[in-house]
Amino acid sequence: MSATDDRSGMPLASLVWDAQPAGATAVALVMHGGAVEGHEPNRPWSHNVARLVPFARALRRVPGPLAVARLRFRVRGWNGDAMPVEDARWALEQVRAAYPGVPIALVGHSMGGRVALHVGEDPDVRLVVGLAPWVEPGDPQPGEGTRTVLLHGDRDVICSLARTRTAVEQMQARGLDASLVRVARADHAMLVRARLWPALVTEVVEATFARELGSSREPRSGPIGAVVARVVHDGGVIIDI
């Protein structure tokens with residue numbers, strides 16, 4: 001599924017459904033990373049796009065009627081005018097058309113995490129998960145009724161962990177459900193401790209939408225389960241794993 005061509009020659013955003021159950025009761029929309037500048041079109045095989053495929057596949061295995069879609073932004077860069085935010089708003093309309101009124105989780109890496117924060121105020125978005133998110137001072141933040149969980153490696157040299165923490169603290173100060181999970185020894189590409197990242201994402205999504213998905217599974221044991229329990233039940237924490 002692609003956005004309508006405006007005949008400008010601009011590459012089109014596209015939406016790929018990895019899971020599309022007829023009776024889905026929640027949707028996860030996965031958004032890849034990018035760059036500050038860049039008008040190169042994103043391709044399915046582009047490394048920034050392909051990096052999020054394992055996350056979509058992991059979400060597809062969540063028990064219950066969870067739909068999973070991946071948004072491919074038109075071009076690689078943010079380009080000063082928040083081009084990918086327009087793409088995300090288009091994708092949300094496609095999700096709404098397929099599943100009216102169903103709650104949505106946004107899962108975004110790097111630039112995709114910044115996009116998720118920008119559109120997190122959408123009335124159907126109930127969960128924002130940012131993976132090594134690009135955060136700038138003054139960026140919009142999700143509001144009431146939306147849980148925000150930002151995961152950030154402590155060895156990330158691309159996007160600032162300090163800015164991510166500041167954003168979480170700002171949301172917490174406003175009484176919002178916002179958490180930071182600091183991933184020890186982890187890098188920006190999420191290749192260090194690679195299995196941990198999708199495990200955290202799937203557990204947070206499943207726990208947040210447990211009622212909608214009819215989940216009766218016992219919480220995972222060990223450090224991941226402990227972190228997710230704190231994130232979901234404490235209403236906003238800063239925690240290490």
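**Close-up 1. R185 and M190 in the loop between β7 and α6 of the predicted model.** R185 is partly exposed, because its relative accessible area is 44%, a value that falls between the limits of under 20% for buried and over 50% for exposed. The residue lies in the loop that runs between β7 and α6, and R185 has a positive phi of about 70 degrees although it is not a glycine. Most residues other than glycine have a negative phi. M190 is placed in the loop between β7 and α6 as well, and M190 too has a positive phi, of about 65 degrees, without being a glycine. With regard to accessibility, M190 is buried, since its relative accessible area is 0%.

**Close-up 2. Helix α5 and its buried face.** Helix α5 covers residues 161-173, and its 13 residues reach 18 Å from the first C-alpha to the last, which is close to the 18 Å expected at 1.5 Å a residue. Within α5, the residues T164, A167, V168 and M171 are buried. When the helix is seen down its axis, the buried residues of α5 fall within an arc of 95 degrees, so they line one face of the helix. The face of α5 that is turned away from this buried side carries the exposed residues A162 and A173. Among the elements that cover the buried residues of α5 are β6, β7 and β8.

**Close-up 3. Helix α8, its buried face and its cover.** Helix α8 covers residues 222-233, and its 12 residues should span 16 Å at 1.5 Å a residue, which agrees with the 17 Å that separate its end C-alpha atoms. In this helix, I224, G225, V227, V228, V231 and V232 are buried. Seen down the axis of α8, the buried residues fall within an arc of 165 degrees, and they therefore line one face of the helix. The exposed residues P223 and H233 are carried by the face of α8 that is turned away from its buried side. What covers the buried residues of α8 includes the strands β6 (147-153), β7 (178-183) and β8 (238-240), together with the helix α6. Just after α8, G235 takes a positive phi of about 70 degrees.

**Close-up 4. E203 in helix α6 and the residues it touches.** E203 has its place in helix α6, which is made up of residues 196-208. Its relative accessibility is 9%, and E203 therefore counts as buried, the cut-off for this word being under 20%. If residues up to four places away in sequence are not counted, E203 touches R217, R220, I224 and V228. Two of these names, I224 and V228, also appear among the buried residues of α8.

**Close-up 5. The second largest pocket and its lining from α6 and α8.** About 270 Å³ of space lies in the second largest pocket. Of the 14 residues that line this pocket, A207, R217, P219, V228 and H233 are the closest to its centre. Helices α6 and α8 each supply at least two residues of the lining, and the largest share, 5 residues, comes from α8. By kind, the lining of the second largest pocket divides into 6 nonpolar, 3 polar and 5 charged residues.

**Close-up 6. The largest pocket and the residues at its centre.** The space in the largest pocket amounts to about 330 Å³. Its lining is formed by 20 residues, of which G34, H109, S110, I158 and H188 lie nearest the centre of the pocket. Sorted by kind, the residues of this lining are 8 nonpolar, 8 polar and 4 charged.

**Close-up 7. V95 in helix α3 and its contacts.** V95 is found in helix α3, which runs over residues 83-98. This residue is buried, because its relative accessible area is 1%. Leaving aside the neighbours within four places in sequence, V95 is in contact with L15, W17, V27 and I104. Between V95 and S110, which are 15 residues apart along the chain, the C-alpha atoms are separated by 22 Å, and S110 is one of the residues that lie nearest the centre of the largest pocket.

Terms used. Residues numbered from 1 in each chain as written. Predicted model: local features only at pLDDT ≥ 70, side-chain atom pairs only at ≥ 80, totals over all residues. Heavy atoms only, no water. Helix = DSSP H or I, 4+ residues; strand = E, 2+ residues; numbered from the N terminus. Buried < 20%, exposed > 50% of the residue type's maximum accessible area, 1.4 Å probe, protein only. Contact = heavy atoms within 4.5 Å. Expected span 1.5 Å × (residues − 1). Arc of directions from axis to C-beta. 1 Å grid on protein atoms, 1.4 Å probe; cavity = no way out; pocket = protein on both sides within 12 Å on 5 of 7 lines; lining within 4 Å. Points joined across faces, edges and corners; volume = space filled by probe spheres on them. Nonpolar A, V, L, I, M, F, W, Y, C, P; charged D, E, K, R; others polar.
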